[in-house]
Protein chains: 2
Amino acid sequence: MRAWDATTDVLVVGFGAAGASAAIGAAAAGAEVTVVERAGAPGGASAMAGGEIYLGGGTPVQKACGFEDTAEAMRAFLAAATGPGIDEERLDLYCEGSVEHFTWLADMGVPFKASFCAEPCWEPPGDDGLTYSGGENTWPFNEIAPPAPRAHVPQMSGKKPGRRSGGWKLMEHLSAQCRESGVASMLDGRVVALVSDADGAVAGAVIRRFGEELAVRATKGVVLASGGFGANPDMVALHAPQLCGQMPLGTDGDDGSSIRLGQGAGGFTRRMDAAQTAIPTVPALLYPSIAVNRFGQRFINEDTYAGRVGQAAVFHQGAKVALVMDEAIFESVPEADRWGARPTWAAGSVAELEAEMSLPTGSLQATVSLYNEHAARGCDPVFHKRPEWCRPLRPPFGAIDLSALPYAVFTLGGLVTTVDGEVVGSDGPIPGLFAAGRATSGIPAWGYVSGTSLGDATFFGRRAGRAAARRERRPAART
Amino acid sequence: MRAWDATTDVLVVGFGAAGASAAIGAAAAGAEVTVVERAGAPGGASAMAGGEIYLGGGTPVQKACGFEDTAEAMRAFLAAATGPGIDEERLDLYCEGSVEHFTWLADMGVPFKASFCAEPCWEPPGDDGLTYSGGENTWPFNEIAPPAPRAHVPQMSGKKPGRRSGGWKLMEHLSAQCRESGVASMLDGRVVALVSDADGAVAGAVIRRFGEELAVRATKGVVLASGGFGANPDMVALHAPQLCGQMPLGTDGDDGSSIRLGQGAGGFTRRMDAAQTAIPTVPALLYPSIAVNRFGQRFINEDTYAGRVGQAAVFHQGAKVALVMDEAIFESVPEADRWGARPTWAAGSVAELEAEMSLPTGSLQATVSLYNEHAARGCDPVFHKRPEWCRPLRPPFGAIDLSALPYAVFTLGGLVTTVDGEVVGSDGPIPGLFAAGRATSGIPAWGYVSGTSLGDATFFGRRAGRAAARRERRPAART
């Protein structure tokens, strides 16, 4: 028990997109804000992301690119794609507030170029500002809601995917805005404990920094926003064992510390096994090929969002999946764009390929035969691949063993929060404790759509910061 | 803040198999024990169960029926069938202690007839004491470990499945043993809150009974054992949305109250979306038929544990599954054993059936063609159904739409515990708080094997009761 070393109104833990948005939201509502970040600079996993931000309902960029969209269509799509188990209220707010949120991001200085990227890609290779990112224009979603592209990408040149891309640009502007808003930042600091008052309200945190421990009082609240738990092997083994052995995306900071701090204060978690699991190939190879499981069967329309194919592979096919193609498909993708992929197997006939792949006798032959029969007529009545990607496979054939490659994964489960970011425990919201971003279970329930992480991190980060700032200042108490 | 109304050493919450075993275990270790149960009699969901108890490693019943088994084989099977994400230590203890646990159950007076039921069934219709219950002798498990039947069923005559079966017999003996052990029972009482000491240790509980609230002190500990949360629609929607609309097995008492009480005291949960989801058909119809998804494909060897087929259907096929058979298969099962099932569709050819079922053109034809081609040779190289169930389907054909029928479900997720039943929170075990049975996440991780619920409820219930009884008595403190 000792005195506080410092006092702020709102203490934000983690300086990624969620934390920065919470800080800006809290500062805009008049609070004094401090962000503590364990790395030596802002950014976190957000700065390594491609930068897609899921926004719709008719943003200026959508309109300028000639796409019509409504909040209803956006909602219907997300309800289908991110379930099962969506939060109705959260999704309503997110879709109805999306155009306003675009404006807010633009006001922060985040640049979006009004140009549409139509080519199959994980993220636009150039500086286009808009693309499809969830299979909106593919089955079954094209039958559920009018499709529109909704991934808005901050414009930048000289991208280095995975290192310096649209997410980096987003964080450049959000962190600059934090500085302009008078947000104090405390880098190289780790929150090691929350401090609660006798009545259970969270009153501050203990921060370890350069070998010292500082007790920082937060008169209005603490916002936990330091990411998911993909970099914590124990938590992954306990909660999301299907990710073991795969490649966690993000930073070392994704160690689940916000989730554990929240749990320690009585916060509930949910959907802890949910994850994005990107299939280890490029869409340009995936779309025209067929993805087959260990029974030699197709299991999805290969031209849908590649993250969705990855989820289907990991969660429903035991990650035992191969990509079957022909030479024409392989050669259609320039070597530089293939991620170095080479066929694992090659053969002059499907029967031969089937044997080389150790697939059950007749299984791949039946699959290719049915696929080719329909593809010759430009259709795929079984899995509904779009006609432009339906072409019969012709010898020579090849296949890439995707089970030998790591899936890039990040976790989607986390703290249960209200739509204002309050962390929920057994007696409802825990006073003074907020969370946002991948430390929470948010817009993506079990299904994932690219752009919903930065989307809900910024959208609900703002709300969490604002809600914290609006709390009454609590009188000082000793730690 | 008021005085305690009563004092006991160990307070057990819930009088099903886990609670009864905890009570007996605690009493045997010298503690004074009280069981509080919200219903008017002991039993809970356990008394409605078929009664299979998963035991192996060479029990007297296994030996008398001529089956060899080892703890290693049992462990290898359970590791494969109940994963991903098994607890190594828990599984080791369970398998190594299984023969001793059989002896304990027999000592409790639970009768097991040394006879083996070989017919395809959810549970033995007669009074046989041993059967396969997890697909041990089916692919892929028959390649992983030497198969042995391990479901031990208490012997009883006059079974009424779902109402009065082997589980009822088990509870008859466990509750009698509680009385003989001097365990006090408080029926019609609900625990509405746990009471913690200033140091965070759980010291007792508040019980609502006949309109009054009683504060009961537990000098050694509280054991939460009042079941899962299948009967709590809010918790199901939040944590296990894929069970929405299905038929919860168990009682109204499976409202997650133990889980919520444990969470309120800081306990962690895990695997909250895991569930047993029984496919709504009888194994005798299932094994010789083929189960197909909405793409007209098979997805599993139909002769494996029917609960495993149900999990595959619900969690990997969106519960959109039909059972395709021919007239000979349908007629081979007496009407009384068919659960009243009638074919939803009937047709003279596979093409016609495919159209009636609104399956993609050619999909079911390709599936039946491949299946029949192999079945004619008595094999199934794709899904490895055992030869005795492989027979080509011949016209006339029929199919039962299983998506129109409710899956019987119960939840498998719950509190995180040590192998001694201590509930784990952010600082490790919470002093004085224990849990067992389906209030915890135990032997079945995500995969399920019939008999592992009563198996781990009784096995780890005993351990939890014993561990609670061995704690030092805490001095009295006011509530």
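**Entry 1: a four-stranded sheet in chain B**

I began at Tyr54(B), which stands opposite Ala151(B) in strand E6 of chain B. The model I am reading is a predicted one, and I keep that in mind for every entry below. Strand E3 of chain B and E6(B), the latter spanning residues 151–152, run antiparallel and are joined by two bridges. Following the sheet outward, I found that it is open and has four strands in the order E3-E6-E5-E4, with mixed pairing. Its edges are E3 (53–54) and E4 (116–117) of chain B, each of which pairs on one side only.

**Entry 2: cis peptide bonds in chain B**

I then looked up the loop between strand E5 (130–131) and E6 of chain B, where Pro140(B) is found. The peptide bond that joins Trp139(B) to Pro140(B) is cis, with omega at about 0 degrees. A cis peptide bond also joins Gly83(B) and Pro84(B), again with omega about 0 degrees, and here the proline lies in the loop between helix H3 (71–82) and helix H4 (88–96) of chain B. I noted both bonds since most peptide bonds are trans.

**Entry 3: positive phi outside glycine**

Which residues other than glycine take a positive phi? I recorded Phe210(A), with phi near 50 degrees, and Ser358(B), with phi of about 55 degrees. Phe210(A) sits in the loop between E9 and strand E10 (212–224) of chain A, and it counts as exposed because it has 7 C-beta neighbours inside 10 Å. Ser358(B) is in the loop between helix H12 (350–356) and H13 of chain B; with 8 other C-beta atoms within 10 Å, Ser358(B) is exposed too.

**Entry 4: the hairpin of E8 and E9 in chain A**

Going back along chain A from Phe210(A), I checked strand E8 (residues 189–196) and strand E9 (residues 202–209), which pair in the antiparallel sense over seven bridges. Ser196(A) stands opposite Val202(A) in E9(A). Five residues lie between the strands of this hairpin, and within it Gly200(A) takes a positive phi near 95 degrees.

**Entry 5: a three-stranded sheet in chain A**

Next I traced an open sheet of chain A, three strands in the order E11-E18-E13 with mixed pairing, whose edge strands are E11 (247–248) and E13 (275–278), each pairing on one side only. On one side, E11(A) pairs with E18(A) in the parallel sense over two bridges, and Met247(A) has Ala408(A) as its bridge partner in E18(A). E13(A), by contrast, pairs in the antiparallel sense with E18 (residues 408–411) of chain A, over four bridges; here Thr277(A) is partnered by Val409(A), and Ala275(A) stands opposite Thr411(A). Are the side chains of E18(A) that point one way and the other way buried or exposed? Ala408(A) and Phe410(A) point one way, Val409(A) and Thr411(A) the other, and all are buried.

**Entry 6: the two domains of chain A**

I compared these strands with the domain bounds, which divide chain A into domain 1 (1–277 + 408–479) and domain 2 (280–404). The C-alpha centres of the two domains lie 35 Å apart. Their contact takes 15 residues from domain 1 and 16 residues from domain 2 of chain A, and the side of domain 1 that touches domain 2 has six nonpolar, nine polar and no charged residues.

**Entry 7: the contact between the chains**

How many residues does each chain give to the contact? I read 29 residues from chain B and 28 residues from chain A. On the side of chain B that touches chain A, helices H7 (233–239), H8 (257–264) and H13 (363–375) each supply at least two residues, and H13(B) gives the largest share, four residues. By class, this side has 13 nonpolar, 12 polar and four charged residues.

I then superposed the copies: a rotation of 180 degrees with 0.0 Å of shift along its axis brings chain B onto chain A, with RMSD 0.0 Å. The two copies are therefore related as by a two-fold rotation axis. The same surface serves both, as 97% of the contact residues of chain B recur in chain A.

**Entry 8: the largest nonpolar core**

Last, I looked up the largest nonpolar core, which has 303 residues, and in which Val223(A) and Val223(B) touch the most other members. Leaving aside residues up to four places away in sequence, the contacts of Val223(A) include Val10(A), Val12(A), Ala22(A), Phe434(A) and Ala468(A).

Terms used: Residues numbered from 1 in each chain as written. Chains lettered and ligands numbered in written order. Predicted model: local features only at pLDDT ≥ 70, side-chain atom pairs only at ≥ 80, totals over all residues. Pairing = 2+ DSSP bridges. Contact = placed C-beta atoms within 7 Å. Nonpolar A, V, L, I, M, F, W, Y, C, P; charged D, E, K, R; others polar. Least-squares fit on C-alpha atoms with pLDDT ≥ 70 in both. Core = buried A, V, L, I, M, F, W, Y, C linked by C-beta atoms within 7 Å. Buried ≥ 20, exposed ≤ 12 C-beta atoms within 10 Å, placed from the backbone. Domains from an automatic or database assignment.
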